[in-house]
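Here are a few short exercises to help you find your way around a new structure. Try each one before you read its solution.

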Amino acid sequence: MFADDDLDAAEGPVDAWLAGFEQRAEQARALSTRLATLTVTARSRDGLVEAVVNSSGVVCGLRLEEGIRQQAATRTAEQILAVLTAARSRLGQQVAAVVADTVGADSPTGQAVIASYRKQLGPAGEAGRIVNILDWRAL
């Protein structure tokens, strides 16, 4: 029914497709592993506030130095929000770097992951403008 040459010719593209599929699956596993362990730390300029966010952008650590007691509560709140904004912004940058290193930022998978994080974290800088608006005395 089929000649051996026809079967051999058909195996080449199938083998190439399978190899490509296996490579993409390995890249996706590497991406998932690296993103799962990703955390980002940010500190205020004066070092009084430090925050850590996990790969989902959720706060997993917050440290306030004793010197924080010497300032107004509103200033402390502003610093916490600013540090969280900085950490989440850096998270987006780190995610983009991990995506580029594993699946490629231009790949469909890479674009989907980056778009998902952008949606989750918001555009870079937008949250920073919100923090600045909170300091109404500076307006």
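**Exercise 1.** Work out in what order the elements of the protein run from the N terminus on.

*Solution.* Keep in mind that you're looking at a predicted model. Start at the N terminus and walk along: the order is α-β-β-β-α-α-α. Now tally up, and you get four helices and three strands.

**Exercise 2.** Find which residues touch the most other members of the largest nonpolar core, and which helix gives the most to it.

*Solution.* First, the core: it has 23 residues, and L31, L35, L91, V95, V99 and V113 touch the most other members. Next, look at where the core comes from: helix 1 (4–36), strand 1 (39–43), strand 2 (49–54), helix 2 (73–102) and helix 3 (108–121) each supply at least two residues. Helix 2 gives the most, with eight residues. Finally, zoom in on L31: leaving out residues up to four places away in sequence, L31 touches V98, V99, T102, V103, T109 and V113.

**Exercise 3.** Check how the reach of helix 2 compares with the span expected at 1.5 Å a residue.

*Solution.* Count 30 residues in helix 2, then go from its first C-alpha to its last: that's 43 Å, close to the expected 44 Å. Just after helix 2 comes G104, with a positive phi near 90 degrees.

**Exercise 4.** Decide whether L62 counts as buried, partly exposed or exposed.

*Solution.* Locate L62 in strand 3 (residues 59–64). Buried means under 20% relative accessible area and exposed means over 50%. L62 sits at 47%, so it counts as partly exposed. Together with V59 and L64, L62 forms a nonpolar surface patch with about 250 Å² of accessible area.

Technical notes: Residues are numbered from 1 along each chain as its sequence is written. This is a predicted model: local features need pLDDT of at least 70, side-chain atom pairs count only at pLDDT 80 or more; totals for chains, interfaces and linings use all residues. Side-chain values use heavy atoms; hydrogens and water are left out. A nonpolar core is a set of buried Ala, Val, Leu, Ile, Met, Phe, Trp, Tyr and Cys residues joined through side-chain atoms within 4.5 Å. Buried means under 20% relative accessible area, exposed over 50%, partly exposed in between (1.4 Å probe, protein chains only). Contact means heavy atoms within 4.5 Å. The expected span of a helix is 1.5 Å times one less than its number of residues. Patches are made of residues with over 30% relative accessible area and no salt bridge: like charges are joined within 9 Å, nonpolar side chains (Val, Leu, Ile, Met, Phe, Trp, Tyr) within 5 Å. Accessible areas come from the Shrake-Rupley method with a 1.4 Å probe; for residues, only the protein chains shown count as cover. A salt bridge is a side-chain nitrogen of Lys or Arg within 4 Å of a carboxyl oxygen of Asp or Glu.
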